[in-house]
Amino acid sequence: MTGSSLPPGPPAPPGHSPSAQPASVVHLGVPGGREVTHRDVAANGARFHIAELGDGPLVLLLHGFPQFWWAWRHQLVALADAGFRAVAMDLRGVGGSDRTPRGYDPAGLALDITGVVRSLGEPDAALVGHDLGGYLAWTAAAMRPKLVRRLAVASMPHPRRWRSAMLADLRQTRAGSHIWGFQRPWIPERQLTADDGALVGRLIRDWAGPRGVDEEAVEVYRRAMCIPSTAHCSIEPYRWMVRSLARPDGIQFNRRMKRPLRVPTLHLHGSLDPVVRARSAAGSAEYVEAPYRWRLFDGLGHFPHEEDPAAFSSELINWLKDPEPDR
């Protein structure tokens, strides 16, 4: 089943290509020629595009920047073959999902995720998030713990750990320099979409380890970033994360995230990640009062699920099937 394309969102900021349309760019297949189901689901006042494969317990996959659901194409197949209902969603403002003028704070985005779980008719889900998707997975598990069966996060610390590392660790501050650059108005949007998304390609190549990310995939991500309004919506969460540091809403969110997580957690990280230092991510265990497993992938960078999909999928599936995940 293929869902219809979404209507256009708000007017695109300067620098956006008018030629790229969501359905043609986003409704892609997965490895092995498996027939993935594309459709839209309503949640939290918006519509979200999902790609679905398999039957069984729900595993909801959350992409990071600068990607969309297709980043999980290998895991969709592996999870479906392992007996899971694997669903990869496009976050608000990205891929085939609605581009709304507001709603890009982490609490709101987390409610998008838990709303999708409910819209899929499931009592709960195992959340698997990478990068920004990982930040939101941490948040959703803290805000709606009854809807999160298990939590797996790649390439992203717990939000409180991210905040402290970005403010107090000069090396992490430098590693996340792109986030500081996103605070400028309109310039980042123009940069991301210039030359058919060339900067997206450079970022992915620079952030990956020696194995790299497949060049064909890089081209797909470049095209997806040029869908009107995508660049603006993609960086709005990062603008909130920085601009709210000293605001009441940001302080309240940081306090809210102090609540310990009581859901089994798998934390995955590439040893060569140049964007999020392994040292920054490793301190997240203090916020988990449940079985917690840390897995460092030697020789991989910021995209372990794409750089070595077989190793990543194996680690994830073995943990999901383990009835007593270790600490």
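**An open mixed sheet and some unusual backbone spots**

In this predicted model, 8 strands come together as an open sheet with mixed pairing, running in the order 1-2-4-3-5-6-7-8. Strand 1 (37-43) and strand 8 (292-297) sit at the edges, each with a pairing partner on one side only. Going from one strand to the next, the twist averages 25°.

Within the sheet, strand 3 (residues 58-62) and strand 4 (residues 85-89) run parallel to each other and share 5 bridges. One of the residues involved is L62, whose bridge partner in strand 4 is M89. Helix 2 (residues 73-81) packs on the sheet here, touching strand 2 (46-53), strand 3 and strand 4. The direction of helix 2 makes about 160° with that of strand 4.

The backbone has a few spots worth a look. Most peptide bonds are trans, and most residues other than glycine have a negative phi. Against that background, F65 and P66 are joined by a cis peptide bond, with omega about 0°. P66 belongs to the loop between strand 3 and helix 2.

Then there are the positive phi values. D131, not a glycine, has a phi of about 55°, and its place is the loop between strand 5 (125-130) and helix 4 (132-143). With a relative accessible area of 4%, D131 counts as buried, because the cut-off for that label is under 20%. W186, also a residue other than glycine, has a positive phi near 65°. The loop between helix 7 (177-181) and helix 8 (187-207) is where W186 is found. At a relative accessible area of 39%, W186 is partly exposed.

Technical notes: Residues numbered from 1 in each chain as written. Predicted model: local features only at pLDDT ≥ 70, side-chain atom pairs only at ≥ 80, totals over all residues. Heavy atoms only, no water. Pairing = 2+ DSSP bridges. Helix = DSSP H or I, 4+ residues; strand = E, 2+ residues; numbered from the N terminus. Axes fitted to C-alpha atoms, helices over the stretch in contact; angles between N-to-C directions. Contact = heavy atoms within 4.5 Å. Buried < 20%, exposed > 50% of the residue type's maximum accessible area, 1.4 Å probe, protein only.
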